[in-house]
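Please read the following explanation alongside the sequence and the structure, which are shown next. It moves from strand to strand, then to the helices, and ends with the cores and the contact between chains.

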Amino acid sequence: MTPHSDFRAAMTWLHNWVGIFIGTVSFAVFWMGTLTVFSYEIDKWMLPETRIELADAPDPDLIFDSIVSSVPNDRVMDVSFRLPTSREPVVNGLLFAERAGFKRVRIDPRTGEQLPERGSRAGTQFIYPMHVTLYLPGNWGWWIVLFASLSMLLLLISGVIIHRKLFTDFFTFRPKRKLRRSSLDLHNVTGAIFLPFHFLIIFSGLVVWAGFYASFPWTLIDQVAKTEVSTTYDLADAYSYYPSEPEPAGTTAEMLPLSFAIARAEAIWTDRYNQTAKADFIAVHNVGDANARIDVHRFFPKNRSEAFRDFIRIDGISGYVVEDREASAVQAVRSWLAGFHHVQFEFWVIRWLYFLGGLAGCVMIGSGFIFWTASRRRKADERDPLKVSFVTAVSIGSTTGLIIATGIFFVINRLLPTEFTFLELSRPAIEMRVFFAVWAITFLHSAVRQNNAWRDQALAIAVISALAIILNWVTTGDHVLVSISEGLWAVAGMDAMLALTALLSANIALQLNSTTDRRSGKERTVSSDSLIGG
Amino acid sequence: MADLLLLLVAGAFTFIGGSQIALSQSQYSKRVKDEAFAMRSSTLLRWCGVALLCLGFGICIARNGFSFGFILWLLLLVSAFFAIVLVLSFYPKTLKWLLAEWRQSISR
């Protein structure tokens, strides 16, 4: 064996086993990340009260006053909120008050009316955090996602090395060949074609949270020494965007209107970048204090790959600019990568292309699982059946199982009334628990049914998706035609995607069923080999 | 609207360019047209495809600047290539016109 082939064999081993062990986490991160592209649209679908039209010219002072007045007879110190957009027309504000502590407030920006608490974590507060932390206790989720992301980079590189005919087979997908061949083709095609996108999206994800990872040694020292968390993580600070908290003066003073501060900051940016610039996030510190500060942010400029770059701090009493942060070279690079990763572009076509890229990542991981089990099942049936059975169960539970759990998350949202509680659990908490319970059940089902679980779970996805569409119609009256006629594109798009999922899954289930029927005919005389045996 | 139109044009260039690169390989051109392809023609076809990809890239950069245009082009590129894979797998004959036009111009 030559050193060259030794190296390739080592890379193949690495690719197979790292892929199997990290596949579950990677698929979850990719799947949730893909859905996060449309997290605000999912919010609109799951929270029907947010299906409102965007206020023509939202008044930031009206929004601010409404948030402050949500805690009467209390002293509000800090307020922050994102200005409404067509994707997020309802204002989700956060305040910190002396007695109430931190409190989330939802405001209708057209009237300043306070909306009831959200009855679901939906896209922005469940699917997105799941993408980042997997909802594991402590910081475990962050570190596991970091490990999975680094492993994915390794898998992408080793995948290129072990692919013998990368360029020759670049466009090759043979769906009519045996499952083992067609799944490998699909794995190769999605892996090779989307390689630059997947590499960049994973790398940029690592960069986005690098501040957190960089601060780890200091937080660890703090935990070991049982001191308070340090505020001066030199490396993290140099890299970070977030400004320091101003100290209150302790004397009251009348604040200037927020609209003035916002107009001032926008004028500075417009002049600097030579194009109209709009603020999108406001944070007010030391409300009503002589040392009040208004932070005006431009988190996500329209159709520019930038994030968390522009920030101007204005004295809330005099209106002077206290701080105008110019990004350092490191921050500018980070800003570009963060902008690439966060997908907050105004141009909707790009979001669909990201969605496609994310789905391709899911297909790449899923087809890798299928190929692994398909290529080993026959041999392993005789030698090591437990290993293949275990990987089969994990593969199915990780992929179709997660999709089922997501579908059930949507269905349960439409089934339960907003104020529903059970054993002191609120509806958002119940939704989350049902999600994880269903996901766990799919693993058990996969372990019992083995390869037949592919068909069962594909059928389940079809039924659940169709049910979600019907429930949305019944509970809100917004079926696809109504949604389109009223310009509720987010709701119509979500229903359309669910319908597409239902059709595709039903088709796959039918095909798998006919394959099983054919195979079971042979099995009577030949063997008890399973559906996927190739 | 102008953004969408330019995106469509850039997407079309990327798809056609990618298809030409794919069809410059005999294993794919045979699926589209059941005859062999001369080496010189396939090389020219490949470079023509590369030129169209560059043109798509140029449109994205010219309209949106490098930092955003690059992202746009990258997404168009991978999506178009994946679309080509699907077309070549399920409906290869739909790309016949591309090869026919090309062969015609070569023979002239």
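Strands β5(A) and β6(A) pair in the antiparallel sense over five bridges, where two strands count as paired if DSSP finds at least two bridges between them, and where helices (H or I, at least four residues) and strands (E, at least two) are DSSP runs numbered from the N terminus. Within this pairing, H285(A) stands opposite R293(A) in β6(A). The model is a predicted one, in which local features need pLDDT of at least 70 and side-chain atom pairs count only at pLDDT 80 or more, while totals for chains, interfaces and linings use all residues. Residues are numbered from 1 along each chain as its sequence is written, and chains are lettered from A and ligands numbered from 1 in the order in which they are written.

On its other side, R293(A) has D315(A) of β7(A) as its bridge partner, and the antiparallel strands β6 (residues 293–298) and β7 (residues 310–315) of chain A are joined by six bridges. A further bridge partner in β7(A) is R313(A), which is matched with D295(A). Five of the six residues of β7(A) are buried, so this strand is largely enclosed by the rest of the structure; a residue is called buried if 20 or more other C-beta atoms lie within 10 Å of its own, exposed if 12 or fewer, and partly exposed in between, with C-beta atoms placed from the backbone. From β7(A), four bridges lead on to β8(A), again antiparallel, and I314(A) has V321(A) in β8(A) as its bridge partner. The hairpin of these two strands, β7(A) and β8(A), has five residues between them, and there G319(A) takes a positive phi near 90 degrees.

Returning to β5(A), this strand pairs with β1(A) over four antiparallel bridges, and I282(A) in β5(A) is the bridge partner of F81(A). These pairings belong to an open sheet of eight strands in chain A, with antiparallel pairing and the order β4-β3-β2-β1-β5-β6-β7-β8. Because β4 (113–115) and β8 (321–325) of chain A stand at the edges with a single partner strand each, one side of each is left without a neighbour in the sheet.

Elsewhere in chain A, the axes of helices α15 (residues 427–449) and α16 (residues 452–476) come within 8 Å and cross at roughly 140 degrees, the axes being lines fitted to C-alpha atoms, for helices over the stretch in contact, with angles running from 0 to 180 degrees between N-to-C directions. The helices α15(A) and α16(A) are therefore oblique to each other, since angles under 35 degrees count as roughly parallel, over 145 as roughly antiparallel, 65 to 115 as roughly perpendicular and the rest as oblique.

In the largest nonpolar core, which has 123 residues, I408(A) and L75(B) touch the most other members; such a core is a set of buried Ala, Val, Leu, Ile, Met, Phe, Trp, Tyr and Cys residues joined through C-beta atoms within 7 Å. The helix α3(B) gives the most to this core, with 20 residues.

Finally, the contact between the chains takes 20 residues from chain B and 21 residues from chain A, two residues being in contact if their C-beta atoms, placed from the backbone, lie within 7 Å. On the side of chain B that touches chain A, the elements giving two or more residues are α1 (2–23) and α3 (39–90) of chain B, and α3(B) gives the most, with 15 residues.
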